[in-house]
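Reader: I'm new to this one and would like a close look at a single part of it. Could you pick a spot, walk me through it, and then show me how other parts of the chain are held to each other?

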Amino acid sequence: MLSLDELLGLIEKYKPNVNKDIIAKAYAYAMDKHSNQKRASGESYFSHPLHVAEILVNMRLDEATIVAALLHDTIEDTTATKTEISKLFGENIANLVDGLTKLKKLDLISEKAIQAENLRKLLLAITNDVRVLLVKLADRLHNMRTLNVMRKAKRYRISLETLEIYAPLASRMGMQDIKEELENTSFKYINEEAYNAIQARLSQTLEQNKHLLTRIGSKIESLLAASQVSATIKRRMKEPYAIFHKMEIKGLKFEELTDIFAFRIIVENTLDCYKVLGILHSKWAMVPGRFKDYISTPKQNGYQSIHTTIVGPNGQRIEIQIRTYNMEEIAEYGVAAYSSYKEGEAFKELCVDNSARVSAWLRRTLDLLAEGDSPEEFLEHTKLELYQDQVLCFTPKGQLISLPQGATVLDFAYAVHTNIGNCCVGSKVNGLLTSIFTELKNGDEVEIMCDNSAKPDITYEKFVKTGRARVAIRKATKAEVYKKYCTIGRTKLEDYFALYGKAFDIKVLDNIYEQFSYKNVDSLLASIGRNELSEADIFKAIYPNIDEKKGKTLSFSLRNIKPLLRKRAAYLSGKNYPLYGIEGKINVNFSPKGIVPGDAIIGVLDNDKKNILIYPTKAKLPKHKKKQLVDIMWHDKLPVERYRAHIYLLVQNQVGVINKISSVLTTNDVSIFDVLVRSYVLGFCKMEIVVDVWNLKQLNFVIALIRELNIVSRAYRLYN
Ligand code: MN
């Protein structure tokens with residue numbers, strides 16, 4: 001087992017100023033926590049996290065990743081908690097370890113044989129930090145290396161999972177070496193016969209071609225030396241699984257494979273790559289259609305190299321890969337190498353509280369992961385995008401529930417069962433008591449609390465995203481909904497009659513409803529409320545001779561509005577709300593961060609029912625009782641005026657940033673009310689822009705435009 005000093009020595013080789021204390025603390029902590037556990041092999045359990053850390057050290061990763069590797073099994077398997085780890089190692093590391101604990105749940109679920117494809121996507125969706133994936137891959141790699149002690153059935157299941165989930169993931173992250181090792185070890189356990197057969201053929205072929213390969217190798221060497229190109233030449237043989245895969249996919253026989261052997265020529269710089277290519281092509285004939293220049297057009301996972309196939313002295317085809325040392329490292333370590341080269345700074349500072357910067361980097365790398373260049377990868381990518389509209393959560397028993405993005409606890413309850421949704425009164429998300437209106441995140445574990453006598457409220461409809469939940473709520477609140485539409489229908493008629501200076505008396509409908517083929521007055525009112533029937537038609541039926549054009553326009557005076565909180569004394573008079581659902585003399589206020597036409601909204605009454613505060617349903621509501629919630633709808637004829645909204649921005653702290661953002665806003669007809677700079681963090685600046693917009697569509701549009709600016713790393717609307 002690696003001693004602490006040995007581990008530190010390995011890290012110091014690439015990072016002389018390593019934070020030794022934190023590594024030492026993690027080493028001691030993990031060793032202590034796992035002290036009375038053994039692995040299936042009988043070894044002390046701690047050897048496992050230590051090996052995982054060593055794999056990552058060999059990939060030259062930062063302290064946070066190494067520490068997370070040492071701690072990766074502590075929360076799940078020992079008495080350690082996230083809170084404790086956060087206290088000892090900081091929140092960053094606690095989040096990494098917590099991420100790994102969540103991924104561990106996947107292993108449990110996969111035992112219940114859920115589709116590999118979904119699991120792979122879930123893995124990406126849950127992970128917001130690429131380092132979690134790096135540790136997970138190293139964890140899996142070590143488990144595969146030590147799989148022989150497991151029972152046969154378990155070996156098979158884990159190997160299959162590795163082949164379907166983790167090897168493609170490694171590939172997507174550009175980690176060629178890890179991908180190959182994962183593939184070959186799994187292949188061995190899944191189809192030992194085929195593995196052995198291919199291995200035997202490979203050694204036989206190698207034996208047959210030994211002399212030839214040596215000859216070509218030394219010929220290349222002398223050609224390069226004559227042109228004064230210094231290079232490292234490696235001979236490579238295709239891996240057993242890659243051969244098997246190719247034979248299967250293309251239906252080829254072993255003899256028909258042409259690229260079993262390859263030479264890799266590694267040089268100092270890009271110019272030399274092309275020089276080498278020229279030298280080889282002038283000596284040997286190249287196979288047309290086999291030449292690929294991934295230097296000028298790198299693969300999406302960052303891979304760069306030139307591939308060509310030459311025809312050797314006896315007509316054999318031999319693949320040649322030409323690349324620089326940097327490219328070689330990226331091909332081997334993928335994302336990990338990419339990070340240390342191109343974003344060395346960001347990576348170095350990962351231990352510091354520097355989430356802004358890191359998140360920009362992570363976003364790029366995760367984007368990288370999400371893209372691919374082959375048709376299969378493209379397909380995969382499209383599916384991934386589809387998948388990213390989804391949120392995957394667990395029941396306490398580990399059942400996976402898939403919901404659309406934005407879904408709440410209530411949607412979850414209805415997805416489990418309609419009855420559960422109907423009597424859902426509370427919930428625990430990840431063990432904490434949470435409102436049933438809370439939006440769910442990927443990987444949340446949701447426990448629903450039920451009261452059999454409870455019924456959903458009509459207002460709940462605004463807090464659900466799924467059709468299933470909406471239909472169920474409507475069904476359960478049918479009578480209530482009907483009443484609500486009747487009221488809205490009546491308000492609409494009153495408003496319309498008022499336009500022509502006429503008072504509306506409900507009795508006039510007694511002579512009218514049959515004419516419009518309704519069963520009774522209420523069903524006619526409800527129909528108007530639902531916009532199925534126009535109030536103008538009713539008016540016309542009653543006053544056939546009144547010229548429509550003479551009607552006054554609806555006017556809401558929303559001038560003189562105090563910023564932030566719009567207090568509307570003008571509305572005290574009664575009906576002139578731009579909203580439906582409010583009756584009587586009530587003060588109407590908007591939530592502090594504003595509401596915008598198009599938002600789903602809800603009102604919260606105060607205790608003496610004198611004031612109502614209108615919130616977007618996406619906002620966190622103040623503490624309230626169920627009876628304080630009022631269902632509010634936007635008036636369908638809104639006065640033309642602006643509404644206030646707050647936008648949060650994380651931007652690079654540069655000259656002219658505010659100018660760039662404000663020009664996007666003003667050219668799109670958004671007025672800026674205020675710009676509040678909240679804080680500066682290492683080259684970034686957090687700010688809040690208060691804007692006045694016409695509607696939600698316009699607001700979303702400008703937020704999307706702002707996100708496109710390269711100086712902006714985050715932009716979203718604030719609801720609270
Ligand atoms: Mn582990």
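Author: Sure, let's start with H142, which you'll find in helix 9, the stretch covering residues 130-145. Keep in mind that this is a predicted model. H142 has a relative accessibility of 5%, so it counts as buried. What does its side chain touch? One polar contact, at 2.8 Å, goes to the side chain of H48. Another, at 3.2 Å, goes to the side chain of H51. If you skip the neighbours within four places in sequence, the contacts of H142 are R39, S47, H48, H51, V52 and I55.

H48 takes us straight to the metal. Its NE2 atom is one of the protein donors of the manganese ion, along with NE2 of H72 and the OD atoms of D73 and D139. These donors sit 2.2 to 2.4 Å from the ion. Along the sequence, the donor residues follow the pattern H-x23-H-D-x65-D. In that set, H72 and D73 are both buried.

Now for some places where charged side chains come into play. Side chains of opposite charge can pair when their charged atoms come close. The model has 25 salt bridges by the rule used here. One of them joins R474 and E461, with the closest N and O atoms 2.9 Å apart. This pair links distant parts of the chain: R474 belongs to helix 22 (residues 467-476), while E461 is in the loop between strand 11 (446-450) and that helix, and the two are 13 residues apart. With a relative accessible area of 41%, R474 is partly exposed.

Things look a bit more local with E494 and R490, whose closest N and O atoms are 3.3 Å apart in their salt bridge. They are four residues apart in helix 23 (residues 478-499), so about one helical turn separates them. R490 counts as partly exposed because its relative accessibility is 36%.

Last stop: D669 and R642, whose side chains meet in a salt bridge at 2.8 Å, N to O. Here too the pair links distant parts of the chain, 27 residues apart: D669 is in the loop between helix 26 (657-667) and strand 19 (671-681), and R642 is in the loop between strand 17 (633-634) and strand 18 (643-652). D669 is partly exposed, with a relative accessible area of 40%, and R642 is partly exposed as well, at 22%. Elsewhere, K234, R264, R323 and E328 are joined into one network by salt bridges that share partners.

Technical notes: Residues numbered from 1 in each chain as written. Predicted model: local features only at pLDDT ≥ 70, side-chain atom pairs only at ≥ 80, totals over all residues. Heavy atoms only, no water. Donors = N, O, S within 2.8 Å, 3.2 Å for Na, K, Ca; no water. Buried < 20%, exposed > 50% of the residue type's maximum accessible area, 1.4 Å probe, protein only. Polar contact = N/O pair within 3.5 Å; in protein donor to acceptor, adjacent residues only side chain to side chain. Contact = heavy atoms within 4.5 Å. Salt bridge = Lys/Arg side-chain N within 4 Å of Asp/Glu carboxyl O.
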